[in-house]
Amino acid sequence: MTDYIELHARSAFSFLEGASTPEELIAACSELKMPAMALLDRDGVYGAARFHLAAKKIRIKAHIGAEVSVQRPKTEDHRPREVVSIPLLVRSRSGYQNLCRLITLMKMRVPKHAKPGECSVTPDELAAHAEGLVCLTGGSKGLLAKDFHQRGHRVAQRNAEWLINIFGKGNVYAELQRHFNRDEEARNHAVIEIAHRLKLPLLATNGVCYATRRQRQVADVFTCIRNHVRLETAGRLLSMNSERFVKSPKEMTQLFADLPEAIANTTELSSRLEFTLQDLGYEFPKYPVPSGETMTSFLRRRTYEGARLRYDGRNGSPTFERAQKQIEHELALIEKLKLEGYFLIVWDIVQFCKNNGILVQGRGSAANSAVCYSLGITAVDPVGMELLFERFLSEERGEWPDIDLDLPSGDQRERAIQYVYERYGKLGAAMTANVITYRGRSAAREVGKVLGFDDETLGRLSSLVHTWEWKDPKDTTERQFKDAGLDLRDRRIKKFFQLYLAVQDLPRHLGQHSGGMVICQGQLDSVVPLEPAAMPGRVVVQWDKEDCADLGIIKVDLLGLGMMAVLEETIQIIRDNYGEEVDLAHLPPDDPSVYAALQQADTIGMFQIESRAQMSCLPRLRPQKFYDIVVQVAIIRPGPIVGNMVHPYLNRRLGREPVKYSHPSLEPVLKRTLGVPLFQEQLLKMAMICAGFSGGEAEELRRAFGFKRSEARMKEVEVKLRQGMTRNGIGAKAQDEIVQSITSFALYGFPESHAASFALIAYASAYLKCHYLAAFTAATLNNQPMGFYQPFTIIKDAQRHGLKVLPVDVTRSNWECTIESWGQGTGVRGQRSEVRDQTSTAYQEQSRRDEIFIDDSHDDVLRAPLGAKEFRSYRASHSFLNSDPVNIPPLCGCSANDTPRLALRLGLLCVKGLREEAGRAIVNARAERPFTSIDDLHYRVPELRKDELRKLAAVGALNLLGARASRPLVFINHNHVGHIGGRDARAPSNRRDALWQVERVSREAGPLYERLEENGGSPLMPMTLNERLNADLRGTGITIGRHPMAHQRESLDKMNVARAADLKNLRNGVSVKVAGWVIVRQRPGTAKGFVFLSLEDETGIANIIVRPQLFERYRLELVNYPFLLIEGALQHQDNVISVKARHVEPLNIKIESAGSHDFH
Amino acid sequence: MFACIYGQVSPKHEFSDEALLIDLAFTFSPLVEQTSVDTVVLDISGDELLFSSQSQTEANWTRSLGDEIARRAAESGLKVNVSVAANPDVAIHAASSFKGVTVVTAGAELSQLGNLSIKLLDYSLAGIDEKKAEEIGETLALWGIRTFIDFAELPLAGVAQRLGQEGVRLQKLAQGKSERQLILVQPPVGFEQSLELEHPIAELEPLSFILSRLLNQLCANLNAQALATNELRLRLRLKDKTEQERTITLPVPMRNPKTFLRLLLFDIEALPPQAAITSVTIAAEPVKPRILQTGLFIPLAPEPEKLEVTLARLAKLVGANNVGSPELLDTHRPDAFRMKRFNLTVTHKKGTSNPQFAIPNPQCLMGFRMFRPPWRAEVQTLHGEPVRIAARSMDASSAMRGKIVCASGPWRSSGDWWRADVWARDEWDVAIADSNGGQSDVLCRIYRELASEEWFVEGIYD
């Protein structure tokens, strides 16, 4: 039996004031056989959840507390009020609630990331929240220590009395620490004297800051980071010795041999601290129901209302009777687990979204629930798809269910979040935290700085931290350092490396989780302290998502999904421009154009199925029905890839190998996926069928193999699984196969319900792209950044599908991209008539000019001194864009719903460097009347800065200013504007004209120069084709003109370089050259070092495979050059075309790069 | 007429090449401008008297002059481009853009320079700062202006409206019509005196005569320019073909040859050359002289010259590293200090860098007498505590031995763990009963270096 318990320990969650994780402290505690420990982090209980859970596992009692910053009471000498740190230990639940409220009070009134001392509680607040707390007098930074130094014994004693008044005599302990320090010992003598005088019990602690002696180095590094100094210059800011580690009871007893009561009091106090986080007192809020109803009856009623609508037996959906059994089963379990309130609250949020036109869809395991489906929370029918409810909720697991809601990212999601705050109060709901840890380059830089490395070395050190997912086995640390010109034998470099490893995963600061919200019945601030988040109007709890889940705090994830925003906006654009109402819940289920596009891997911009890997799988899988998309979404995941499931599935699908099952009993489970397990639910069902597991046990099995896997636990579960299978007469070989598939799946597999939810969105995005290309593309561009491709690629893809794209034009563009009628007076349905009304003479003119714009501005070309050859080239390009010689895929929806000729008008948001405020001001001013000239624009939109005007001019957005002025304008009293009827004489005719004028409008010229100027006009030469291309890419990152590769085609043809679109006509195995712009570089973790490139040219995208050895040889070219020429063997299998690179060379094309999407 | 010499100055010999360029220019004209490190412009009006004959046209004599400049530059080992033009800025652009010798005929500037890239336009010649130059450069690029002529042909009013007066100046520059005066450089004044000795000198006395002569001249030059120096560099070439250089840094600017002489002699005495001296060079770094206003009631501090001589004398006696003021280092490492140069100016300290470590109300009033170096000791311990000690000083002149009757500690400290000289030690305050029959106990501080396990006595408490 030990007689010492450490009651004052700090973890790394004191952010730069502690150097060990809570788990490390508990491990040290366990090693020293200490039965309990108290964690007192600074101004928070950030680490308490992890501390508690780690302690619970090995049956150590985790006392909770915090070092709280408090303003010292008023003194007679009227000195400014200082802030001192008072260690508080939680005795009871009310004490814990008081501590949480106290910290919340402090945090909520100071800015985020306030330094210690900048935030504190007042003495009155401390007094009001003292119940249930025990106070220690503190160590070197405590109240008494400061008093002795600065004010003497008398004041120290008075402050000790003040603490006694607040907390009561039995709840104040005179804390003694011994770190072999003379000053500290002098203080201890004084504390003992006061304690004897006031009859305070003595308490020995070690003021622990790290678990082991060695971690003092990390603590010193953190001290430097905190104080922005280097180790060499930190001086006495660093600790004097390494004594603040977890000391054994024996050591502490020896250290306090002269004061045995100080040691004995630790166990006595520990026994008084009854509270642990087990006794959190969290309650999920009750949902207010109409009188006469209970939550149970209300939920039941709402569920059945929804179920009758959803399960109508039509269009292949199950009948209500069939679904009722499952619903009843679920409702019974929900009632048993008292989760009605939770379901009703989520339903309430969904209702809010639906009533306010916010697209919402539940995802994740919630899609396994028929109740969720009936309540409209999810869109996947679990009865029809025979999904396993236990994956979502089970009695055995004793955990709260997890419902994730996908919302459109941006403002709409924010509205939903603010609704929850409003509904449950600012202190009743909060976001979960996201603990940002020391990792990667930032960790390397910070540690390097502390060690005093110069900028160049810092750059080299931080570049060593790979962002590449896959690591070569030969890529040892020594080799990496050597390659970077650093010698690991050098003492400082070696020290850097050790420290870099030591700080890995230690908490750095608290962020905000992207969507997890916790809600509480009553006051959430009595369950966990709350803090303001960096984002205005947001409150965040001190624990992360995992901690909340582990402590049984229920959460709702309100996740922002870019594609949801795209879908929502597309529907709105369709409504406004096509006059049609698209209901995502009632899309035609088997649209042939969607499946045709998918089968040809024509999926750029589509949700989840646009990546390079997905594209290379689609032509093999050839989706023909919705369930195929579910499989497609799930199959390109690490689980199936690592578990070698992809090829067997595809081979069986293509009839190249027979469908077989590890055991005949598995046929019903695996039949849909041709005997190959692809989903987590199948894993659970396999365990249930083969080993007789219950639903809950099966889910336990999945979790044992999941993210927090432990060897012992896995072994234990595997034994149980094998025993079950043996009992059911399954042979050893089949057992091995089943265990293998379960182990590879649990970690990375996708739940079928989740895949189905994603597949719905994927289908919707595909449908909208195929049928409303203009609207879909506009919405996609308006919601950047998102997805896999840059806007450049999205536009080129849309153009290849025949979409007319019109340039940014201040006379027509809105802030967002929009769609416009275009072409020869063809009828427009519904609200399109408004657009048609605008097709006046001026519009016709603009239309003609826009068309010319696509070919890099007619005016510019005509004014430029074109040679005969250039003119021919211009004509050729003109014809290319209007009738693409490459086959446009027939599935292109433009021909269906986008006729008559709807074109995409690029919005002002495409112009890099143009602020939204200025862009919207342009649109607002134009709504009053059209701009007549650049002077007019400048005068009426004062928000526009000179550089913004210049940017607009450079991308051609001012070219049509004044072109539509069809009547004399009212004179505007502005120095420079000459006003005439019709087109303004000053209206620019090309970009250079505009640039010439822009420079003038923003400068006061004076009356002398004004007349001289107007007679001359612009003396500048119009931009050449190449200049325009560069200006487009520099100014917007996109071009609606010819692809940069099209400009090179003539010379590429001479080199026998094939176009991307031509590859499908070539035989498998032939040697081929391709060239293009590298739009994606990938080195996936599952591909054993292979690198995949996507090269885009004017006809499409060519896929390149680079072997690891070749990558090593051409690393520089492959990584650094935007345009590449690659020679290799064509691989043409199952309609999947790629080139296996043999030779790589950079192309000398001088274009401002729009950037690539690299290194996933 | 103006000539421009554009030299390819190598970074290694930047200073010498720069000086050579200026020297070269002065051989042709007294009116020289050093436009930049590698460019000089000279006014050659009047040189036709030297380089033209009756039969020669202006173009011919300017060509001859250009060729002559190039020839002399080649003799000096310089690679240069030379240009001659009626306008200094045109000459600069021509020299920096064309290889060899270029003569730009007056009135034909644009036809000769018009096709030069606009990137070669030297904005600094139009007095445009870097930021503005960058802005104008961007605008010109957007306008598609690629050459001098593109820019030159833009309408003046348009340029003025858009680019302001800077633009107008710049356009004139591109047109070759800029007007300005040369910013003339003065012929260099020497603050370096040198003497090659006919017979090597191996003794101090004759050397002092030589040094005195050189220093007198050097100080006279400084005096003539109303300057002083705060750094003297003495370069001695020795008979064994080696060179020795020493630098004397002065705390305040001075120009007293006697003080300089004494300082140099002390320095040479402290570290005499290994061989006889064959050549002596003394250089002074010219700076503004010190202006000192003494107050009527302020006590006079020692004259800096005298103080410096005294310090030099001390350094000669005890070594340069042992003279100065000790400065405590901000570290936990005990007794860590460094010697810094003695400075008479009194600075009021604003506290230590870590005020939280300072003890404003020290309770301990005992004095501590530190042994430097500490005494090596042999200590017996019992349960980790010292119980008996025997120690003696380094020179064995003093010793202590006895039983430890009272010990307080250990006081543990360690640090600099990231460096090779990592340290860690345990200190004890001990009372020793003197076994030599002493009357009283000695209270001293002993410590054990944890790495070597060796004990030392650090000092005694008074």
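**A buried helix in chain A, a surface patch in chain B**

Helix α3 of chain A holds a long run of buried residues: Gly95(A), Tyr96(A), Gln97(A), Asn98(A), Leu99(A), Cys100(A), Leu102(A), Ile103(A), Thr104(A), Met106(A) and Lys107(A). The model is predicted.

What covers these buried residues of α3(A)? The cover includes strands β3 (61-71), β4 (83-90), β5 (133-136), β12 (530-532) and β13 (539-544) of chain A. Helix α4 (123-128) of chain A is also among the covering elements.

The helix geometry can be checked. Helix α3 of chain A runs over residues 93-108, which is 16 residues. At 1.5 Å a residue, α3(A) should span 22 Å. The C-alpha atoms at its ends are 22 Å apart, so expectation and model agree.

Now turn to chain B. Its secondary structure comes to 11 helices and 17 strands. The chain has 462 residues, and 41% of them are buried. Take the contacts in chain B with a separation of 6 or more: 58% of them join residues 24 or more positions apart. About 26,300 Å² of chain B is exposed, and carbon and sulfur atoms supply 53% of that area.

Part of the chain B surface is a nonpolar patch. Which residues form it? They are Leu314(B), Leu317(B) and Val318(B), with about 290 Å² of accessible area together. Leu314(B) lies in helix α11 of chain B, which covers residues 304-318. Is Leu314(B) buried, partly exposed or exposed? Its relative accessible area is 38%, so Leu314(B) counts as partly exposed. The cut-offs behind that label are under 20% for buried and over 50% for exposed. An α-helix has 3.6 residues a turn, so residues three or four places apart point the same way.

Notes:
Residues numbered from 1 in each chain as written. Chains lettered and ligands numbered in written order. Predicted model: local features only at pLDDT ≥ 70, side-chain atom pairs only at ≥ 80, totals over all residues. Heavy atoms only, no water. Helix = DSSP H or I, 4+ residues; strand = E, 2+ residues; numbered from the N terminus. Buried < 20%, exposed > 50% of the residue type's maximum accessible area, 1.4 Å probe, protein only. Contact = heavy atoms within 4.5 Å. Areas by Shrake-Rupley, 256 points an atom, 1.4 Å probe, with all protein chains shown as cover. Expected span 1.5 Å × (residues − 1). Patch = residues over 30% accessible without salt bridge, like charges linked within 9 Å, V, L, I, M, F, W, Y side chains within 5 Å. Salt bridge = Lys/Arg side-chain N within 4 Å of Asp/Glu carboxyl O.
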